[in-house]
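Grab a pencil and work through these exercises at your own pace. Try each task before you read its solution.

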Amino acid sequence: MKNESRNVRLLWMAESSAPGWTFLTNHAQVLVCIAHDPGVRLRDIGERVGITERATHRIVTDLAVAGYITRERNGRRNHYTINTQLPLPDPILREQNVGELLEILIATHRSEPRLDRTGTSG
């Protein structure tokens with residue numbers, strides 16, 4: 001019982017000491033969600049990122065207009081394809097492309113890569 005109470009306190013301390021900011025922008029987080037599941041719904045992306053569905057829609061539109069993703073209607077759902085060859089829009093990261101960033105962000109301990117270099121996610 002005493003050990004369980006200590007674990008609860010440690011968990012609370014870790015959560016309460018977390019910074020109020022993130023390393024990744026909402027745009028990057030939305031892109032990661034799409035890379036994990038190309039058929040993901042806007043509602044689900046919003047829940048994962050912690051933003052409204054309307055904000056998610058704006059970000060997906062931004063990414064599509066800039067060419068980072070394409071949307072294809074599949075029945076009542078969208079299917080997204082990521083253009084992994086585009087350079088990152090950040091001034092200090094223009095040497096890297098979206099695919100290289102996503103390889104890092106969605107890496108697993110598997111030996112084969114999650115993304116191919118042909119401009120599609122896999």
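**Exercise 1.** In which loop does Tyr-68 lie? Work out its surroundings too.

*Solution.* Before you start, note that this is a predicted model, where local features need pLDDT of at least 70 and side-chain atom pairs count only at pLDDT 80 or more, while totals for chains, interfaces and linings use all residues. Residues are numbered from 1 along each chain as its sequence is written, and side-chain values use heavy atoms, leaving out hydrogens and water.

Step 1: find the loop. Tyr-68 sits in the one between α4 and β1 (69-74). Helices (H or I, at least four residues) and strands (E, at least two) are DSSP runs, numbered from the N terminus.

Step 2: check burial. With a relative accessible area of 13%, Tyr-68 is buried. Buried means under 20% relative accessible area, exposed over 50%, and partly exposed in between (1.4 Å probe, protein chains only).

Step 3: look for contacts, meaning heavy atoms within 4.5 Å. Not counting residues up to four places away in sequence, Tyr-68 touches Leu-63, Thr-81, Ile-82, Asn-83, Leu-86, Pro-87, Leu-88, Pro-89 and Val-98. Take Val-98: it is 30 residues from Tyr-68 in sequence, yet 8.0 Å away in space, C-alpha to C-alpha.

**Exercise 2.** Describe the setting of α2.

*Solution.* Step 1: get the overall order. The protein chain has 5 helices and 2 strands, and from the N terminus on they run α-α-α-α-β-β-α.

Step 2: count what is hidden. In α2, 8 of the 11 residues are buried, so this helix is largely enclosed by the rest of the structure. Among the buried ones are Val-30, Leu-31 and Ile-34.

Step 3: name the cover. It includes α3, α4, β1, β2 and α5.

**Exercise 3.** At what angle do α2 and α4 pack?

*Solution.* Step 1: read the geometry. Their angle is about 85°, with the axes 10 Å apart. Axes are lines fitted to C-alpha atoms, for helices over the stretch in contact, and angles run from 0 to 180 degrees between N-to-C directions.

Step 2: classify it. α2 is roughly perpendicular to α4 (under 35 degrees is roughly parallel, over 145 roughly antiparallel, 65 to 115 roughly perpendicular, and the rest oblique).

Step 3: list who meets whom. From α2 come Asn-26, His-27, Val-30, Leu-31 and Ile-34, and they meet Ile-59, Val-60, Asp-62 and Leu-63 of α4.

**Exercise 4.** Which residues touch the most other members of the largest nonpolar core?

*Solution.* Step 1: know the term. A nonpolar core is a set of buried Ala, Val, Leu, Ile, Met, Phe, Trp, Tyr and Cys residues joined through side-chain atoms within 4.5 Å.

Step 2: pick the hubs. Of the 23 residues in this core, Val-30, Ile-34, Ile-45, Ile-69 and Ile-82 touch the most other members.

Step 3: see who contributes. The elements giving two or more residues are α2 (26-36), α3 (42-49), α4 (53-65), β2 (77-82) and α5 (98-105). α2 gives the most, with 6 residues.

Step 4: zoom in on one hub. Leaving aside neighbours within four places in sequence, Ile-69 is in contact with residues including Leu-31, Ile-34, Val-60 and Tyr-80.

**Exercise 5.** How are the rings of Trp-21 and Phe-23 arranged?

*Solution.* Step 1: the ring centres are 5.0 Å apart and the planes are at 80°, so the pair is edge-to-face. Rings of Phe, Tyr and Trp (its six-membered ring) pair if their centres lie within 6.5 Å; planes under 30 degrees apart count as stacked, over 60 as edge-to-face and the rest as tilted.

Step 2: check accessibility. Trp-21 is exposed at 51%, and Phe-23 is exposed at 77%.
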